[in-house]
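Trainee: Could you take me through one part of this model up close? I'd like to hear about one helix and what sits around it, and then whatever else helps me get my bearings.

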Amino acid sequence: MARWPLPRPRRGPGPATTGRAHSLVRSGTDGALDVLHPVITLVRGLGRLVVLAVRWWSRTPKERRGPVLFLLGVGVLVVALMPWGPAFAVVLVVGAAAWQGREGAGVGADPSEEENARLQAVYEALVPLFTLPDDPNPQPLFAHDGSWERAFDEIEFTGDGRIGRLLLRYPAHFRDSDAELRFVVERLLGAKSGRDREYRFVWDEERNELEMTVPEPLPEGIRAQRFVTGPGEVVLGFTDADSVHRRVPVTDAGQARDVPPVVWRTGARATEAHLLVVGAPGAGSTTLLRSVVLQALEHGDVLVVDGSGSGEYACLAGRAGVLAVETSLTGAVACAEWAVHETERRLSVAGRARQAGNLVPDDARRPLWVVLDRPAALSHLARTEGRRDPLELLQVPLRHGRAANVTVVVAEHFECADELNQAVRSYSRARVVLGTASPEEAWSVLGVDAVSPPGPLTPPGRGFARLGAGPVLRLQVPATPDPLDDAANEGERQAVLRLLPPPATGRPVSGRTDQQPAPEMSGPPAPAAPAAAQPAVPAASVPEKAAAGTAAAASVAVSEQQAGVQAT
Ligand SMILES: Nc1ncnc2c1ncn2[C@@H]1O[C@H](COP(=O)(O)OP(=O)(O)OP(=O)(O)O)[C@@H](O)[C@H]1O
């Protein structure tokens with residue numbers, strides 16, 4: 001029997017009440033955290049300051065600790081005796097703690113156990129490189145029983161727990177001017193921090209400090225296209241955003257974006273009038289030259305000598321502005337001789353025009369490019385056959401080409417780079433190294449040894465560029481494959497095909513008999529080639545019929561010269 005009034009049943013809080021309670025607790029906690037935030041920051045900052053002080057103390061050599069303690073004591077005494085001294089000291093400490101305790105400061109933040117182990121592994125790997133067998137220092141920076149905290153000043157980890165930046169001190173006895181030793185240290189640091197990334201190393205020889213950073217990946221896979229540049233400017237590739245101020249708009253995977261370019265200025269006012277590219281086999285030097293040629297053809301004429309004879313420039317044969325594509329020694333010599341005469345003719349025409357107070361005629365100003373891919377093989381052949389070396393001949397365009405608007409581009413593999421003559425080395429002040437290079441190889445091309453080689457996993461077309469005495473820039477060459485290569489990416493092939501000039505109306509300059517006709521390609525429609533724009537052939541060096549100043553005439557001229565060479 002139920003009693004009245006029934007006792008009220010005891011119930012737990014309903015869902016609505018629970019939610020309200022949770023939100024009350026959460027907002028209470030948030031409020032408390034907001035109120036306590038300055039205190040938390042100060043406590044965190046004080047903790048970090050203590051960690052920094054302990055690290056500094058552990059790094060201070062024992063013999064210096066006495067004087068340091070004495071100085072500290074004197075400092076404390078002076079502050080204590082000064083009017084407002086203690087208050088000032090407290091304000092200073094609170095300010096420092098607030099600065100260190102802010103979010104993201106992290107300098108003194110304790111690494112996790114895993115990060116600690118990583119750092120200790122890197123430290124121990126470096127010990128054999130940075131220790132002396134009989135080091136008189138009782139507490140060297142690097143010792144087998146030492147800890148990384150002695151030598152590593154600043155450390156940053158990436159989101160996945162890997163080292164993203166490391167600033168370490170090394171002992172003064174380490175020979176940091178020795179490129180080989182530096183390379184060993186860089187390679188070891190790179191291996192211990194992960195081989196699948198690129199690293200940038202900065203050696204501060206004044207302070208005995210080495211900084212390792214992981215640069216952002218370079219813009220990769222950007223296809224050949226018309227770059228927005230000024231007259232005479234050529235985009236060699238793309239580099240780090242913080243290395244150059246300039247940006248060029250490109251289309252990448254259908255999207256427009258701005259990328260930092262490595263721009264090489266050519267022409268009469270250029271200080272780096274010629275380019276030398278040295279690379280490992282398969283590192284992409286032919287691709288870079290093809291990219292340069294396609295840009296050069298926008299405003300000038302090009303002679304190509306392909307010393308490897310691999311036919312990777314066949315797509316250019318017979319195109320407007322392409323005066324010759326040579327693969328044989330005979331053709332290369334003929335081209336080089338023609339380039340010499342053309343340089344001399346331009347110089348004398350320009351000289352006469354200036355003497356008379358006139359403008360230099362167009363045919364002496366139109367940019368002429370002489371592009372040699374792997375000429376060392378042809379030089380070797382020339383020596384063994386007792387013929388003229390095309391590289392020797394090219395001394396004239398290299399020395400005087402700048403004033404005549406003649407630009408020489410040479411690419412060679414590291415193993416044959418010794419065969420390049422002094423003129424090529426001295427006058428090619430724009431330099432590119434592609435692929436993995438030893439410190440000596442990089443030094444021999446770039447003139448500096450402070451280059452960290454890209455790792456073995458880096459894609460082709462990756463390297464370094466240096467224009468004159470400028471800084472060394474990381475470089476990624478635009479993807480510019482041979483459009484006749486079936487194995488190349490279809491989109492990249494089509495991009496190159498779109499850039500090819502229309503077929504020329506005259507015969508090519510070389511008049512090659514061994515050359516296959518250019519295959520049918522889906523290039524742009526072929527407007528008539530501007531005959532007036534083609535360079536005039538040097539009247540002194542060619543038969544009468546070649547002096548008409550057209551590519552066709554030049555073709556005949558060089559063919560006849562070539563025939564002459566063959567006959568001898
Ligand atoms: N910048 C690049 N982007 C994409 N692929 C590239 C790039 N550079 C080169 N490659 C690819 O790498 C391969 C080798 O390139 P390339 O022929 O230019 O190198 P190389 O140094 O001239 O080689 P070798 O002289 O030994 O024949 C080719 O398949 C090419 O398509």
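Mentor: Sure, let's go with helix α10, and keep in mind that this is a predicted model. Helix α10 spans residues 395-404. Its buried residues are Val-396, Pro-397, Leu-398, Gly-401, Arg-402 and Ala-404. When you look at a list like that, remember that an α-helix has 3.6 residues a turn, so residues three or four places apart point the same way. As for what those buried residues pack against, there are two helices, α7 (329-355) and α11 (422-427), plus two strands, β12 (368-373) and β13 (406-413). Right after α10 comes Asn-405, with a positive phi near 60 degrees.

A positive phi turns up in a hairpin too, at Ala-253, where the value is near 50 degrees. That hairpin is made by β6 and β7, with 2 residues between the strands. Strand β6 (residues 248-252) and strand β7 (residues 255-259) run antiparallel and are joined by 5 bridges; Pro-249, for instance, has Asp-258 in β7 as its bridge partner.

Now for the ligand. Its shell has 15 residues, and the ones that come nearest are Gly-284, Thr-286, Thr-287, Pro-460 and Gly-461. Helix α6 (residues 285-296) gives the most to that shell, with 3 residues. By class, you'll find 7 nonpolar and 8 polar residues there, and no charged ones.

One last stop: an unreviewed UniProt entry annotates residues 69-99 as a "transmembrane region". In the model that span is 90% helix and 0% strand, with its end C-alpha atoms 25 Å apart.

Key
Residues are numbered from 1 along each chain as its sequence is written. This is a predicted model: local features need pLDDT of at least 70, side-chain atom pairs count only at pLDDT 80 or more; totals for chains, interfaces and linings use all residues. A residue is near a molecule or strand if its C-beta atom, placed from the backbone, lies within 6 Å of it. Helices (H or I, at least four residues) and strands (E, at least two) are DSSP runs, numbered from the N terminus. Ala, Val, Leu, Ile, Met, Phe, Trp, Tyr, Cys and Pro count as nonpolar, Asp, Glu, Lys and Arg as charged, and the others, Gly among them, as polar. A residue is buried if 20 or more other C-beta atoms lie within 10 Å of its own, exposed if 12 or fewer, and partly exposed in between; C-beta atoms are placed from the backbone. Two residues are in contact if their C-beta atoms, placed from the backbone, lie within 7 Å. UniProt positions are given in the numbering used here, feature names are shortened, and annotations may be inferred rather than shown by experiment. Two strands pair if DSSP finds at least two bridges between them.
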